[in-house]
Amino acid sequence: MNVTVIGTGYVGLVSGVCYAEKGNHVICVDKDVSKIERLRSGEIPIYEPGLKELADSNTAAGRLSFTDDLTEAMVAADVVIIAVGTPPLPNGEADMRFVELVAREIGYALNGYKVVVVKSTVPVGTNERVRGIVAAISDYPFDIASVPEFLREGSAVKDTLNPDRIVIGSESTRAAEVLTRLHQPFTDQLIMTDIRSAEMIKYASNAFLATKISFINEIANICEKVGADVTEVAHGMGLDRRIGSSFLRAGIGYGGSCFPKDTKALIQIAGNVEYDFKLLKSVVEVNQHQRYGVIDKLKRALGSMHGRRVAIWGLAFKPETDDVREAPAIEIIESLLALGAIPRVTDPIAVENFRSLLNHPSIEWCDSALDAAKQCDAVCLLTEWEDYAKLDLKEVERVMASPILIDGRNAISKEQLEGTLFAYYPVGRPMMN
Ligand code: UGA
């Protein structure tokens, strides 16, 4: 099948590469000319395990190409996929500018029947708006469909090639047939539904996962006070198949480009139809508050923070990505700076991205976890990179001014702490010293 993917961000690029991997001819389009040039020369602008290898092999096989010319890219397309960004507006609503712009361009480029798929996360009703925009410009027949994306950063290729389900929202038999053919090689779990329900499934899924995280974080906060261990509690809960064990890792709250944006957007979508989504508002509030647990523990351990050197291990919003959007590290480091502390920060791959987001003269940029810990009064682990779970803490202890470790992700093991003098503050578990 001939597939044109518009937008080479996370979702567009990964989807494009994976559709090509399943034997389709894919053209990825972006109006950013320099990005297209980089992609053509084999450079992948995001860090995502396995993506470069797949992009290279499919380009070499002639199934994948990149262009900035949308009209040309659409000439032979059977399916046109909109995968441009929907960044949050100041009120939390998703910004539909790019989706609408692309819809107009598709209208002008249509040259025969095509299925126009919206993969960007968009509020309920957007597909119909896209249909209206295209139909106002073009007389050619086309169908609109919603096929939301459920990939996670850091395992995007794996998630896309082996999805739990693919949701296809369409009101046309012809489009449903085309999209079934395109997606059957990925999974047998194709959910055929109407467009509005498909749009809602995406927001409801992310909101539910965010709710699980805020729920377990509140349980963790209570565990700290009653002397229980949240990892034991989550394990015991998760074995009940109705609850499930995933997304019950307590920590410093969720970040990234999806949960924070999509939860706020769904609150806004509900608000627009005069529904007060109280539960989700609390989820957002709990998440916001959760990151400050690290600061509370530091204050408890150190008293005054002024002039204290504090190592920060991990800046990315989660491991295996260099993405720092909405990372809890941002507000934690801002708080440290406001309290007059000196953050010594490190991350295996996200330092450069973080520096372009928050570059304060008091921040000290470090090459490794050990380097960051030098002469520090405390260490805070904010991203559970595997490297940190393998560190020799005896070596770390030797370079520190005082051995205090705040583990924001419960990533450090008992074995690592054995034989050290660390005062260890996990989340929702008994502290050790
Ligand atoms: C999330 C969803 O998991 C994907 O299904 C969805 O497609 C994507 O958003 C999107 O809408 O595009 P992602 O943001 O890449 O994916 O990452 P997750 O692995 O879901 O993690 C999100 C945040 O939750 C991270 O900050 C992570 O540290 C945190 N988290 C996750 C927890 O604090 N505890 C957990 O148990 C799980």
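## A first look at the chain and its ligand

Leaving aside neighbours within four places in sequence, Glu153 is in contact with Tyr10, Gly256, Thr321 and Asp323. That residue is a good place to start, and it will come up again below. Please keep in mind that the model you see is predicted.

### The chain as a whole

The protein chain holds 18 helices and 14 strands. Its radius of gyration is 24 Å, close to the 22 Å that the globule rule gives for 433 residues, so the chain is as compact as a globular protein of that length. Along the principal axes, the C-alpha trace spans about 70 × 45 × 35 Å. Of the 433 residues in the chain, 45% are buried. Among contacts between residues at least 6 apart in sequence, 71% join residues at least 24 apart.

The chain is divided into domain 1 (2-193), domain 2 (202-289) and domain 3 (291-425). The contact between domain 1 and domain 2 takes eleven residues from domain 1 and ten residues from domain 2. On the side of domain 1 that touches domain 2, there are six nonpolar, three polar and two charged residues. Taken over C-alpha atoms, the centres of domain 1 and domain 2 are separated by 29 Å.

### Around the ligand

Where does the shell around the ligand lie with respect to domain 1 and domain 2? Both domain 1 (2-193) and domain 2 (202-289) give residues to this shell, so it lies between them. The ligand is surrounded by 21 residues, and the closest are Glu153, Arg249, Tyr254, Gly256 and Cys258. By class, the residues of the shell divide into ten nonpolar, five polar and six charged.

Two helices deserve a look here. Helix H9 (195-226) and helix H11 (259-272) each supply at least two residues of the shell. H9 gives the most, with three residues.

### Residues listed in the record

UniProt, in an unreviewed entry, lists Asp30, Lys35, Thr86, Thr121, Glu153, Lys261 and Arg325 under "binding site". These residues span 296 residues in sequence, and the farthest two C-alpha atoms are 24.7 Å apart, so they do not all gather at one spot.

The unreviewed UniProt entry also places the feature "binding site" at Phe150, Leu151, Arg152, Glu153, Lys202, Phe247, Leu248, Arg249, Ala250, Gly251, Gly255 and Lys318. They are spread over 169 residues of sequence and also spread in space, up to 24.1 Å between C-alpha atoms.

The table sets out the surroundings of some of the listed residues.

| Residue | C-beta neighbours within 10 Å | Class |
|---|---|---|
| Asp30 | 23 neighbours | buried |
| Glu153 | 22 neighbours | buried |
| Phe247 | 16 neighbours | partly exposed |
| Arg249 | 19 neighbours | partly exposed |
| Gly255 | 24 neighbours | buried |

### A closer look, residue by residue

Asp30 sits in the loop between strand S2 (25-29) and helix H2 (33-40). Beyond its neighbours within four places in sequence, Asp30 is in contact with Gly7, Thr8, Lys35, Ile36 and Asp68. One of these partners, Lys35, is also on the UniProt list that names Asp30.

Glu153 has its place in the loop between strand S6 (142-146) and helix H7 (156-161). Is Glu153 buried or exposed? Glu153 is buried, because 22 other C-beta atoms lie within 10 Å and a residue counts as buried with 20 or more. Gly256, a contact partner of Glu153, is among the closest residues to the ligand, as is Glu153 itself.

The loop between helix H10 (230-238) and H11 holds Phe247. Gly255 and Arg249 lie in the loop between H10 and H11 too. What does Phe247 touch, not counting residues up to four places away in sequence? Phe247 touches Leu209, Lys212 and Ile213.

Arg249 counts as partly exposed, with 19 C-beta neighbours inside 10 Å. In sequence, Arg249 and Ile216 are 33 residues apart, while their C-alpha atoms are 7.0 Å apart in space. Arg249 is also one of the closest residues to the ligand.

Gly255 is buried, with 24 other C-beta atoms within 10 Å. Its contacts, leaving aside neighbours within four places in sequence, are Pro260, Phe317, Glu326, Ala327 and Pro328.

Definitions and conventions. Residues numbered from 1 in each chain as written. Predicted model: local features only at pLDDT ≥ 70, side-chain atom pairs only at ≥ 80, totals over all residues. UniProt positions renumbered as here; feature names shortened; annotations may be inferred. Helix = DSSP H or I, 4+ residues; strand = E, 2+ residues; numbered from the N terminus. Buried ≥ 20, exposed ≤ 12 C-beta atoms within 10 Å, placed from the backbone. Contact = placed C-beta atoms within 7 Å. Rg over C-alpha atoms; globule rule 2.2 N^0.38 Å. Near = placed C-beta within 6 Å. Nonpolar A, V, L, I, M, F, W, Y, C, P; charged D, E, K, R; others polar. Domains from an automatic or database assignment.
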